[in-house]
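Reader: Before I plan any bench work, I should like to go through this structure with you, one point at a time. Could you take my questions in order?

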Amino acid sequence: MRDSAFYFIFAVTAILQILVNVFLHLPAWLTICILPALIALAPLRIRTPFLLIIAFITAFLTDFLTSGILGLTVVSLLPVAFLRNFLYKIFIGKESFTRKNDISSKKHGLLRISGILVVSFLVYFLIFVLADSAGTRPLLFNGLRILCSMTASYVISLILIKFIAS
Amino acid sequence: MTKGKRDYSILVSAALFIGLEIAAFGMLSYGSALHNVWINRMSHRTVATLWGWEETVKSYFALRKKIEVVTRENEELSGAVRALQNELIKAGIDTPDVSEGFTYTPATIVKMSRNNRLNYVILDKGSRDGVEPGDGIITACGVIGIVDAVDEHLSYGQSTMNLNSSVSARIGHSGIVGPLSWDGKSNDKARISNLPLHITAEKGDTVYTSGISAVFPGDIPLGITGDVSIVNGATNMIDVHLFQDYSSVRYVTLVKKVGKDEIENLEEYANTH
């Protein structure tokens with residue numbers, strides 16, 4: 001995938017995310033966010049410092065434009081960007097990582113891509129839900145919310161990846 | 001990418017990540033009173049945990065100093081008890097003999113060998129502190145050795161982990177008495193040998209100092225009995241698992257029998273006549 005194509009998809013998906021947050025009223029135990037998938041599957045040519053800045057700006061805009069708590073998405077999305085290279089080395093292998101190969105479900109298989117996505121969503125929602133509840137909600141509720149949000153976001157991300165690939 | 005360049009890249013990424021996360025937490029704290037309280041509480045908890053760890057580490061390293069203080073206090077208190085006892089004796093008031101005819105001097109081990117067959121121990125107390133050759137070296141868990149030579153500030157002792165050493169031991173408070181000596185192999189095992197064949201011991205009995213020598217007071221627990229074996233078909237030998245861990249001992253007490261000179265003179269007189 002070319003960098004310009006990635007940025008285009010990224011911008012469209014970020015706008016879609018903002019629209020979902022503004023217009024889709026979901027219950028308190030469910031949050032849908034596909035930004036972690038976008039950050040986690042960004043081309044390897046984009047280095048971590050630049051990816052961190054992209055994540056910061058996107059998350060800030062999402063928080064700012066959706067009248068959410070300013071900083072909440074930023075706090076949760078930055079660790080995903082920071083851990084991306086580490087996750088690639090674990091799930092894809094050092095060789096592909098060193099060659100800076102593009103990541104796709106066709107080339108590396110859905111299982112490996114799913115591994116990266118699941119860990120990314122787990123990191124994201126763990127921080128997001130805990131920070132959002134700020135110690136005011138019970139652990140069981142938070143656990144359920146993390147599980148539901150992870151599942152929903154993972155499924156939507158997979159559909160999106162298939163759509164982009166086709 | 002070379003290793004140096006890669007390390008530099010990781011450092012830059014980590015620094016940028018930390019900087020941006022701090023900015024994000026700042027935004028979160030500034031934007032909502034609830035999150036401000038939450039972040040403050042988390043920060044206080046983290047700081048409290050770090051302080052707790054710091055205190056644990058500090059107190060661990062201060063332990064040696066504390067033990068020295070406690071040992072010194074113990075020495076002062078023992079001295080006070082003895083002085084008071086003497087006063088009571090002078091006043092003609094009957095008092096229980098807490099020292100059982102022994103004087104006690106706390107000491108610290110300067111050096112101790114453990115890997116030889118003839119192990120030794122060097123203590124930080126010498127003739128200036130009243131230490132003499134033949135004084136016993138003990139701890140609350142057993143016997144460490146016997147003073148062999150004395151310098152002005154140091155004393156050299158033969159460790160119990162020495163094939164030439166033996167201690168008069170008793171099985172139980174009123175059992176058979178025999179010489180306890182090191183087995184020559186392990187840090188925590190000894191044996192009581194030269195026991196008549198009809199003498200045996202139950203496994204797990206406690207072994208104490210006998211108190212019949214002029215070196216150690218009686219009833220200091222030394223260890224517990226193990227297996228009994230016959231040596232050359234003539235005598236019994238009982239294995240003893242010692243209480244004292246020789247690898248960790250640092251503080252000991254020197255014991256001296258009161259009137260030891262008198263006993264030795266009497267022995268000498270008996271031998272010559």
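**Helix packing in a two-chain model**

Author: Helix α4(A) passes α1(B) in a left-handed crossing. The model is predicted.

Reader: How confident is the predictor in the complex, and what is the ipTM?

Author: Two scores are given for the complex as a whole. The pTM is 0.53. The ipTM is 0.82.

Reader: What share of the residues of chain B score at least 70 in pLDDT?

Author: The average pLDDT of chain B is 83. The share of its residues that score at least 70 is 95%.

Reader: How are α4(A) and α1(B) oriented relative to each other, roughly parallel or roughly antiparallel?

Author: The axes of these two helices come within 8 Å and cross at roughly 165°. Angles over 145 degrees count as roughly antiparallel. The relation of α4(A) to α1(B) is therefore roughly antiparallel.

Reader: Which residues make that contact, and how many of them are nonpolar?

Author: From α4(A) come Leu72(A), Val74(A), Val75(A), Leu78(A) and Phe82(A). They meet Ser13(B), Phe17(B), Leu20(B), Glu21(B), Ala24(B), Phe25(B), Met27(B) and Leu28(B) in α1(B). By class, the contact of α4(A) with α1(B) holds one polar residue and one charged residue, and the number of nonpolar residues is eleven.

Reader: How does α3(A) lie against α1(B), roughly parallel or roughly antiparallel?

Author: Helix α3 of chain A spans residues 48–65, and its axis is 9 Å from that of α1(B), at an angle of about 15°. Angles under 35 degrees count as roughly parallel. That angle therefore makes α3(A) and α1(B) roughly parallel.

Reader: What is the handedness of the crossing of α3(A) and α1(B), left-handed or right-handed?

Author: The residues in contact are Thr48(A), Pro49(A), Leu52(A) and Phe56(A) of α3(A) with Val12(B), Ser13(B), Leu16(B), Phe17(B) and Leu20(B) of α1(B). By class, seven are nonpolar, two are polar and none is charged. The crossing of α3(A) and α1(B) is right-handed.

Reader: Which element of chain B supplies the largest share of the side that touches chain A?

Author: In this interface, 15 residues of chain B are in contact with 15 residues of chain A. On the chain B side, α1 (3–31) and α2 (33–90) each supply at least two residues. That side has ten nonpolar, four polar and one charged residues by class. The largest share, eleven residues, comes from α1(B).

Reader: Turning to chain A by itself, what is its pattern of secondary structure along the sequence?

Author: Chain A has eight helices and zero strands. Read along the sequence, its pattern is α-α-α-α-α-α-α-α.

Reader: And how many strands does chain B have?

Author: Chain B contains three helices as well as strands. The number of its strands is twelve.

Reader: How much of each chain is buried?

Author: A residue counts as buried if 20 or more other C-beta atoms lie within 10 Å of its own. Of the 273 residues in chain B, buried residues make up 24%. For the 166 residues in chain A, the figure is 36%.

Reader: Among contacts between residues at least 6 apart in sequence, what percentage in each chain join residues at least 24 apart?

Author: The percentage is given for each chain separately. In chain B it is 54%. In chain A it is 73%.

Reader: Within chain A, how is α4(A) oriented relative to α7(A), roughly parallel or roughly antiparallel?

Author: Helix α4 of chain A covers residues 72–91 and helix α7 of chain A covers residues 110–133; their axes come within 9 Å and cross at roughly 155°. The crossing is right-handed. The residues of this contact comprise 15 nonpolar, three polar and two charged. At that angle, α4(A) and α7(A) are therefore roughly antiparallel.

Reader: Is Asn21(A) buried or exposed?

Author: Asn21(A) is placed in helix α1 of chain A, residues 3–23. Within 10 Å there are 20 other C-beta atoms, so Asn21(A) is buried.

Reader: Which residues is Asn21(A) in contact with, leaving aside neighbours within four places in sequence?

Author: One of these partners is 47 residues away along the chain, with a C-alpha separation of 8.8 Å from Asn21(A). The residues in contact with Asn21(A) are Thr62(A), Thr66(A) and Gly68(A).

Terms used
Residues are numbered from 1 along each chain as its sequence is written. Chains are lettered from A and ligands numbered from 1 in the order in which they are written. This is a predicted model: local features need pLDDT of at least 70, side-chain atom pairs count only at pLDDT 80 or more; totals for chains, interfaces and linings use all residues. pLDDT is the predictor's confidence in each residue, from 0 to 100. Axes are lines fitted to C-alpha atoms, for helices over the stretch in contact, and angles run from 0 to 180 degrees between N-to-C directions. Helices (H or I, at least four residues) and strands (E, at least two) are DSSP runs, numbered from the N terminus. Angles under 35 degrees count as roughly parallel, over 145 as roughly antiparallel, 65 to 115 as roughly perpendicular and the rest as oblique. A crossing is left-handed if the near helix is turned anticlockwise from the far one by less than a right angle, and right-handed if clockwise. Ala, Val, Leu, Ile, Met, Phe, Trp, Tyr, Cys and Pro count as nonpolar, Asp, Glu, Lys and Arg as charged, and the others, Gly among them, as polar. A residue is buried if 20 or more other C-beta atoms lie within 10 Å of its own, exposed if 12 or fewer, and partly exposed in between; C-beta atoms are placed from the backbone. Two residues are in contact if their C-beta atoms, placed from the backbone, lie within 7 Å.
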